[in-house]
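Work through the exercises below with the sequence and the model at hand, and try each task before reading its solution.

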Amino acid sequence: MLVSRDELKQLMKKKFMAAGMHEDHADDMAEVLAWSSERGLHSHGEVRVEYYTERISKGGMTIDPKVTWTQTGPCSGILDADNGCGYPFAIQGMQKAIDMAKENGIGFVGVANVSHTGAIGYYTEMAAKQGMIGLSCTQSDPMVIPYGGAEPFYGTNPIALAAPTADGRIVSFDMATTVQAWGKILDAKSAGRSIPEGWAVDEEGRPVTDPHKVNALVAIAGPKGYGLMMMVDILSGVLLGVPAGKHVSSMYHDLSEGRRLGHLNVAINPEFFCGADAFRAHMSEVLDELNAVKPGVGFDKVYWPGERAQLRIQATKDAGGIEIVDDIYDYLVSDDLYRNSWDHKNRFAE
């Protein structure tokens, strides 16, 4: 089913408002989801809508949060979202960081006690579009073993960076700190195929290729990914005074409960370093040089981070819309807030 970006956004926004969300928050949420979908990141796009509407309608997100902003210094502050919807407050947090960076060179803003914030590359690109370097990181469900362990402790704990250039291109890098997503395990399980060794472990911490025996995921590059995972948890959890590590709340266990997640946004103003114009010009040179690198066997070229996403956006425009599965479209145009048969956990993970 092909759907235009605007139609998809409006359908998602309508669902969130039907579940009780205020229009401005629903609009922010639908915008970030549409941003993900047009880049082909459907796991963080339209397929999430039913999960959110169920959580909203069951009281797992605060519709009228008592939000507080505490500026702790000229370059720092904490936005306490009172378990409000993650998207609008992550947006607000990044904008506050950008405003600080314009004045003082850097902005460091924590968003505390917030619900799920989705694809965090959206927030870093906000900064890049305003001439800043953007950094974001956030917590997620414990589903990954620490290096050498056999029990889940950290989440996939993503980190993202974006930077501007002199010609409108935006470097945009957004990654989880695990070898593979939980959804890939579920795909293999449903298809009856094995998984590569090194993706996951069983209850004893041993590598497995049978998806039915998977107990936890593993970090990228062993101890290096484990360190990155911990870094994200420190910056977006411990530092903000919210539950961290194995105490981070489950995305799916009880949709009537709040989550109290932590999310960090950082904006850096190049004008305070090498100069904004010099930085953007140098970035453009770097991207051109990367594209000019001789490709390896099996590759057509070297792409800079974010380039493939731009190609997917253009492909979406050329096709006349975003391709979504019929089941999701049928739900979006229906009057149902959610279906009791819908198994969120077995379709994707945080």
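A residue is called buried under 20% relative accessible area, exposed over 50% and partly exposed in between, with a 1.4 Å probe and protein chains only as cover. The model is predicted, so local features need pLDDT of at least 70 and side-chain atom pairs count only at pLDDT 80 or more, while totals for chains, interfaces and linings use all residues. Residues are numbered from 1 along each chain as its sequence is written, and side-chain values use heavy atoms, with hydrogens and water left out.

**Exercise 1.** Determine whether Cys137 is buried or exposed, and why its sulfur forms no bond with that of Cys75.

Solution. Begin with the accessible area: Cys137 has a relative value of 3% and is therefore buried. Cys75, at 21% relative accessibility, counts as partly exposed. Next, apply the criterion for a disulfide, which is a pair of cysteine sulfur atoms within 2.5 Å. The sulfur of Cys137 lies 18 Å from its closest cysteine sulfur, in Cys75, which is too far for a bond. Finally, a search of the whole structure finds zero disulfides.

**Exercise 2.** Trace the pairing of strand β3, and find which residues stand opposite Leu79.

Solution. Strands are DSSP runs of E with at least two residues, helices are runs of H or I with at least four, and both are numbered from the N terminus; two strands pair if DSSP finds at least two bridges between them. Strand β2 (residues 68–73) pairs with strand β3 (residues 76–84) in the antiparallel sense over five bridges, and Trp69 stands opposite Leu79. On β4 (residues 106–114), which pairs with β3 in the parallel sense over six bridges, the bridge partner of Leu79 is Val111.
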